[in-house]
Amino acid sequence: MYMSHSQPEYAHPPTRDKEAGLSRRERVVLAQLRCTRKSPILQKYLYDIDASPCDACLQCGQSPDDLHHALYDCPEVDFFQSLIPGDPMVSLWESPVEMIEFLRASQRLPIA
Ligand SMILES: [Zn+2]
């Protein structure tokens with residue numbers, strides 16, 4: 001039997017080329033922070049899984065070193081916030097390259 005319509009061609013989803021230059025490790029960290037707000041780059045997370053004796057920030061000593069502290073409150077990263085174009089939580093999604101630069105500058109990620 002002749003079918004008058006053919007299979008639709010599905011468009012490929014757009015690639016997240018904003019992240020194409022990032023390493024797998026960097027993309028994993030972004031996904032962890034976006035989806036769970038937890039990551040081994042945060043002392044609070046390491047403390048919660050018994051991988052660190054203390055949940056204090058390695059840069060400033062304040063507790064707890066959670067995502068909010070890392071992005072907004074840590075006095076040691078004030079200077080580096082100029083690396084990200086807007087609100088840090090929005091930049092996690094919208095400006096991944098700049099966010100990784102920020103996390104490198106604040107010594108939460110190794111320098112590439
Ligand atoms: Zn701190």
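**Group meeting talk: the cores and helix 5**

Okay, let's start in the middle: the largest nonpolar core has 10 residues, namely Val29, Leu33, Leu42, Tyr45, Cys57, Leu67, Ala70, Leu71, Cys74 and Val77. Helix 1, residues 24-35, and helix 3, residues 67-73, each put at least two residues into this core. The biggest giver is helix 3, with three residues. And before I go on, keep in mind that this is a predicted model.

Let's pick one residue from that core. Which residues does Ala70 touch, if we skip its neighbours within four places in sequence? Ala70 is in contact with Leu42, Asp65 and Arg108.

Apart from the largest core there's another one, made of five residues, and Ile84, Met99, Ile100 and Phe102 are among them.

That brings us to helix 5, which covers residues 96-105. Its buried residues are Pro96, Met99, Ile100, Phe102 and Leu103. Where do they sit around the helix? Looking down the axis of helix 5, the buried residues fall within an arc of 155°, so they line one face of the helix. If you're wondering about the spacing, an α-helix has 3.6 residues a turn, so residues three or four places apart point the same way. Covering the buried residues of helix 5 are, among others, helix 1 and helix 4, residues 88-94. Just after helix 5 comes Gln107, with a positive phi of about 65°.

Now let's zoom out. The protein chain has five helices and zero strands. Out of its 112 residues, 21% count as buried. And of the contacts with a separation of 6 or more, 34% are between residues 24 or more positions apart.

Definitions and conventions: Residues numbered from 1 in each chain as written. Predicted model: local features only at pLDDT ≥ 70, side-chain atom pairs only at ≥ 80, totals over all residues. Core = buried A, V, L, I, M, F, W, Y, C linked by C-beta atoms within 7 Å. Buried ≥ 20, exposed ≤ 12 C-beta atoms within 10 Å, placed from the backbone. Helix = DSSP H or I, 4+ residues; strand = E, 2+ residues; numbered from the N terminus. Contact = placed C-beta atoms within 7 Å. Arc of directions from axis to C-beta.
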